[in-house]
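Student: I would like to take a close look at one part of this protein, and I would rather have one connected explanation than many short ones. Please start with a single atom and work outwards from there.

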Amino acid sequence: PPPIGDDASDPPHNLRIGRVLARGTSWQTGPQVVAWVINIGMTPYVISGLGAGRYSIFLLINTLTMMLSTFDGGLGLSALRYYTLYAGRDDRASTTRLLVTVSAVLGAFFSVIFTALLLAAPFVLSFFKVNAQYRLESLFLLRTLTVIVYVVFIRNLFNSILYARQRFRTTAIASFASYAVYAGGLVLTVQHGWGLWGIGYTFIAQQSVASLVTLPATLHYLDRGAIGWMKRADLVEFLKYAWKVQIASFITLFTAQKDQLVAAYLLSAQLSGPYGQGASFAEQLRLLPYNAISPMQALIGSTVGHDGPEAAVGTAARVQRMWVRGITGWFAVGIPACYFGIRAWLPASFEISGLVGAILLAGFFFFMAASVLLLWALTLGHPELDVRYGVVGLVINVVLSLILAPTVGMIGVVCATAISQIASVLFLTWDARRTLPAVPPWFARDIPWLPAMGALLITALVEFGLHDVVPKGALGLISSGLLAIPGLLFYVQIV
């Protein structure tokens, strides 16, 4: 099918879309910036307080529970898609029935998962060679975070209603409050020597505060008289969509966390920290612009629900153009700044984290650039594209890892992850054009290639020239970020 062309450019319409996205993204980004500040300032402090071994175990358990968080049967992400369509019609009755039904299904599903993990937790820790001295507190943290995953599942069902209605301020306030609790809990844990026990109780307090803020705000968009179950036919349609989303979500997260898991298995949990920290920091850099995903999905979904797919494809094309041009500059300066910044920030034993983060960011860029196309496919009810795209990426990732690991080592495994993301995005572009009735233009046409290369080169030269005088610790990471400003200004002025 032919993509929507350049005639989709409409300055007044673009300005309106830009304002809607900017408002939602700013509320989404604010908490992410706070999380960044906490992470930058406290990570060396927490590593020192917990010890490198215990901190590496914390990263590993966090990775495992993040993977568990995708095992909701695809219900959470699918609910957001349906909520946006209902919001376009202001259908509060259908929203209520979907919330009630999915909450019940999640409760039944999670009870099975929790019981299995409760029994399997000791074997999981043994598999990753967790030392006996850390065994009890590691077991407590793993089981605690498993319960918290279910709490987050349910709260996200409520949050998604707010996202669909573009009410991002409430969720942002909840995040601000929860991060304050998290920071305070980490300080108390380190000061009192509570170890992973303190980390677990900190997460409990954090999630409790966030839930108390967001759940009451959702009630305004529900219909008390419509409390009940979805119709059988609607539920069957929803579940058919959801299981495909589940597969795609797990593959995506596994790809992002694979390097930490492989390092933990090959090297041990205590020695996997540098690879996990590099991957974690790259993920945080990726997530900052990713905060625009929910506003974009809400805008595209409500437009499809209100006007239909044929009218909405122009909106998708405009959103993609803004999105790609925005993230290109971010990644162009972020890759070299990440490499030098992490090396200045963390202890010498974590030096390789900078290289890990930079390599993964390069792969993340192409994955992010194709995000609008993927949102468009999901909104039109084609999650199978996400599944096929994920499977192709996973196969390429595993094959390349098996080839590169024996010859290059763990860095070869990291390179395999980045290469597989680029290759799978190319497959997604081809697959969408042969499957969907209409698609936005190829995202690569919206990338300002020359300004991006110029910004990357300027940033790399500045960072390299001054890396010997940049201070160590959190101030070093901040300094590396500031050194990226000339490259970013160069990009913004040209684009």
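Student: Why is there no bond between the sulfur of Cys415 and the closest cysteine sulfur?

Tutor: Before we begin, please keep in mind that this is a predicted model, and that every value below was computed from it. The sulfur closest to that of Cys415 belongs to Cys338, and because the two are 14 Å apart, they are too far from each other for a bond. To see how far off this is, recall that a disulfide is counted when two cysteine sulfur atoms are within 2.5 Å. A search of the whole structure finds zero disulfides, and Cys338, whose nearest cysteine sulfur is that of Cys415, is in none. The surroundings of the two cysteines can be described as well: Cys338 is buried, with a relative accessibility of 2%, whereas Cys415 is partly exposed, at 24%.

From one buried residue we can move on to the buried interior. The largest nonpolar core has 120 residues, and the members that touch the most others are Leu98, Phe238, Trp323 and Trp376. The element that gives the most to this core is helix α5, covering residues 135-164, which supplies 13 residues. A second core, separate from this one, has seven residues, among them Val333, Ala452, Ala455 and Ala484.

Phe238 is a good place to look more closely. Once residues up to four places away in sequence are set aside, Phe238 touches Leu75, Ser78, Ala79, Tyr82, Leu98, Val102 and Met230. One of these, Ser78, belongs to helix α3, which runs over residues 75-89. With a relative accessible area of 0%, Ser78 counts as buried. Seen from its own side, and again without neighbours within four places in sequence, Ser78 is in contact with Phe238, Tyr241, Ala242 and Val245. For a sense of distance, the C-alpha atom of Ser78 is 23 Å from that of Glu283, a residue 205 places away along the chain.

Next comes the empty space inside the protein. Rolling a probe the size of a water molecule over the atoms reveals where space has been left empty. In this structure there are three cavities of 30 Å³ or more, and the second largest of them holds about 50 Å³. The residues that line this second largest cavity include Gln320, Leu373, Thr429, Arg433, Pro441 and Trp442. Sorted by class, its lining consists of seven nonpolar residues, two polar residues and one charged residue. Helix α15, residues 410-435, provides the largest share of that lining, namely three residues.

Finally, we can return to helix α5 and examine the loops that border it. Lys129 sits in the loop between α4, residues 92-127, and α5, while Gln166 sits in the loop between α5 and α6, residues 168-192. In Lys129 the phi angle is near 60 degrees, a positive value in a residue other than glycine, and Gln166 likewise has a positive phi near 60 degrees although Gln166 is not glycine. Lys129 is partly exposed, at 40% relative accessibility, and Gln166 is partly exposed too, at 25%.

Technical notes: Residues are numbered from 1 along each chain as its sequence is written. This is a predicted model: local features need pLDDT of at least 70, side-chain atom pairs count only at pLDDT 80 or more; totals for chains, interfaces and linings use all residues. Side-chain values use heavy atoms; hydrogens and water are left out. Buried means under 20% relative accessible area, exposed over 50%, partly exposed in between (1.4 Å probe, protein chains only). On a 1 Å grid over the protein atoms alone, a cavity is a set of points where a 1.4 Å probe fits but cannot get out, and a pocket is an open set with protein on both sides within 12 Å along at least five of seven lines; lining residues have an atom within 4 Å of a point. Grid points are joined across faces, edges and corners, and a volume is the space filled by probe spheres set on the points. Helices (H or I, at least four residues) and strands (E, at least two) are DSSP runs, numbered from the N terminus. Ala, Val, Leu, Ile, Met, Phe, Trp, Tyr, Cys and Pro count as nonpolar, Asp, Glu, Lys and Arg as charged, and the others, Gly among them, as polar. A nonpolar core is a set of buried Ala, Val, Leu, Ile, Met, Phe, Trp, Tyr and Cys residues joined through side-chain atoms within 4.5 Å. Contact means heavy atoms within 4.5 Å.
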